[in-house]
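Got the viewer open? Keep the sequence panel beside it, and let's walk through this one stop at a time.

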Amino acid sequence: MIEIERKFLVLSDDFINEAFAKKRIVQAYLNSNPERTVRIRIKEEKGFLTIKGKGNATGTTRLEWETEIPLQDAEKLLTICESGTIDKIRHEVKVGNHMYEVDVFAGENEGLIVAEIELQSEDEIFKKPSWLGKEVTNDERFYNAYLSVKPFKSW
Ligand SMILES: O=P(O)(O)OP(=O)(O)OP(=O)(O)O
């Protein structure tokens with residue numbers, strides 16, 4: 001239920017060579033209010049319903065609840081979501097003992113590449129690869145729910 005994550009901008013596409021999995025993600029929001037986002041996601045051929053709360057003071061810790069739902073249900077629910085669909089390719093990149101999820105956005109958010117790392121505690125140490133840029137964990141503009149309303153290209 002509690003997710004600890006840090007988010008960074010990505011400086012170059014050097015991570016591509018180190019990525020071992022690539023998955024297309026399409027998602028939209030039934031509710032994009034950052035206090036309680038309700039997200040419908042299709043990842044490859046699987047559907048998910050996800051509820052997230054707002055980040056704590058550092059933006060690192062958030063309440064998150066997710067369940068898999070039938071693909072057809074996810075497809076139907078996407079039709080009643082708020083406008084502003086997020087379309088991205090998620091690359092999984094192993095660095096040391098951690099997995100970075102590097103999202104390369106398409107569509108209205110093309111040009112944006114963001115890396116996320118999930119941690120066990122807020123002070124957990126992790127390796128930072130050379131392609132990792134500025135930390136944006138506490139910058140709500142990089143929340144996907146926000147990007148669905150105000151996409152990167154419109155900034
Ligand atoms: O895959 P997640 O759960 O990190 O979700 P996201 O939609 O990619 O990211 P966020 O809600 O942190 O913008």
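What follows is a short tour that starts at the ligand and then visits a handful of residues. Keep in mind that this is a predicted model.

**Stop 1: the ligand and its shell**

Select the ligand and show everything around it. You should pick up 17 surrounding residues, with Lys52, Lys88, Arg90, Glu116 and Asn144 the closest. Colour that shell by class and you get 12 charged residues, 2 polar and 3 nonpolar.

Now look at individual contacts. Start with lysine 7: an N or O atom in its side chain is 3.0 Å from an oxygen atom of the ligand. Next, click glutamate 116, where a polar side-chain atom lies 2.9 Å from a ligand oxygen. Arginine 90 also has a polar side-chain atom 2.9 Å from an oxygen atom of the ligand. How much of the ligand's accessible area does the protein cover? On its own the ligand has 350 Å² of accessible area, and the protein covers 95% of that.

Switch on a surface if you like: the ligand sits in the largest pocket. Which elements give two or more residues to the shell? They are strands S1 (2-10), S2 (19-31), S3 (36-43), S5 (61-69) and S6 (86-95). S1 supplies the largest share, with 3 residues.

**Stop 2: arginine 90**

Stay with arginine 90, which you've just met beside the ligand, and hide the rest for a moment. Arginine 90 belongs to strand S6. Is arginine 90 buried or exposed? Its relative accessible area is 6%, under the 20% cut-off, so arginine 90 counts as buried.

Show the acidic side chains next. The side chain of arginine 90 makes a polar contact of 2.8 Å with that of aspartate 103, and another, at 3.3 Å, with the side chain of glutamate 101. Add back the ligand and you can view these two contacts together with the 2.9 Å approach to the ligand oxygen.

**Stop 3: arginine 39**

Another arginine to select: number 39, in strand S3. Arginine 39 is buried, because its relative accessible area is 6% and the limit for that label is 20%. Which side chain does arginine 39 contact? Draw a distance to the side chain of glutamate 66 and you'll find a polar contact of 3.1 Å.

**Stop 4: glutamate 44**

Move along to the loop between S3 and strand S4 (46-53), where glutamate 44 is found. Check the backbone here: glutamate 44 has a positive phi of about 50 degrees, although it is not a glycine. Why stop for that? Most residues other than glycine have a negative phi. As for the surface, glutamate 44 has 39% relative accessibility and counts as partly exposed.

**Stop 5: leucine 9**

Swing back to strand S1 and select leucine 9. With 23% relative accessibility, leucine 9 counts as partly exposed; buried would need a value under 20%. Now add glycine 133 to the selection. These two residues are 124 positions apart along the chain, yet their C-alpha atoms are separated by 4.9 Å.

**Stop 6: the loop between S8 and S9**

Last, find the loop between strand S8 (113-118) and strand S9 (132-135), and pick lysine 128 in it. Lysine 128 has a relative accessible area of 55%, so it counts as exposed. Select tyrosine 100 as well: from C-alpha to C-alpha it is 9.8 Å from lysine 128, with their positions 28 residues apart in sequence.

Then click phenylalanine 126, which is also in the loop between S8 and S9. Phenylalanine 126 is at 12% relative accessibility and so counts as buried. For a final distance, pair phenylalanine 126 with leucine 63: they are 63 residues apart in sequence and 22 Å apart in space, C-alpha to C-alpha.

How values were computed:
Residues are numbered from 1 along each chain as its sequence is written. This is a predicted model: local features need pLDDT of at least 70, side-chain atom pairs count only at pLDDT 80 or more; totals for chains, interfaces and linings use all residues. Side-chain values use heavy atoms; hydrogens and water are left out. A residue is near a molecule or strand if one of its heavy atoms lies within 4 Å of it. A polar contact is a pair of N or O atoms within 3.5 Å; within protein, one must be able to donate a hydrogen and the other to accept it, and residues adjacent in sequence count only if both atoms are side-chain atoms. Accessible areas come from the Shrake-Rupley method with a 1.4 Å probe; for residues, only the protein chains shown count as cover. On a 1 Å grid over the protein atoms alone, a cavity is a set of points where a 1.4 Å probe fits but cannot get out, and a pocket is an open set with protein on both sides within 12 Å along at least five of seven lines; lining residues have an atom within 4 Å of a point. A molecule sits in a cavity or pocket if more than half of its atoms lie within 2 Å of its grid points. Helices (H or I, at least four residues) and strands (E, at least two) are DSSP runs, numbered from the N terminus. Ala, Val, Leu, Ile, Met, Phe, Trp, Tyr, Cys and Pro count as nonpolar, Asp, Glu, Lys and Arg as charged, and the others, Gly among them, as polar. Buried means under 20% relative accessible area, exposed over 50%, partly exposed in between (1.4 Å probe, protein chains only).
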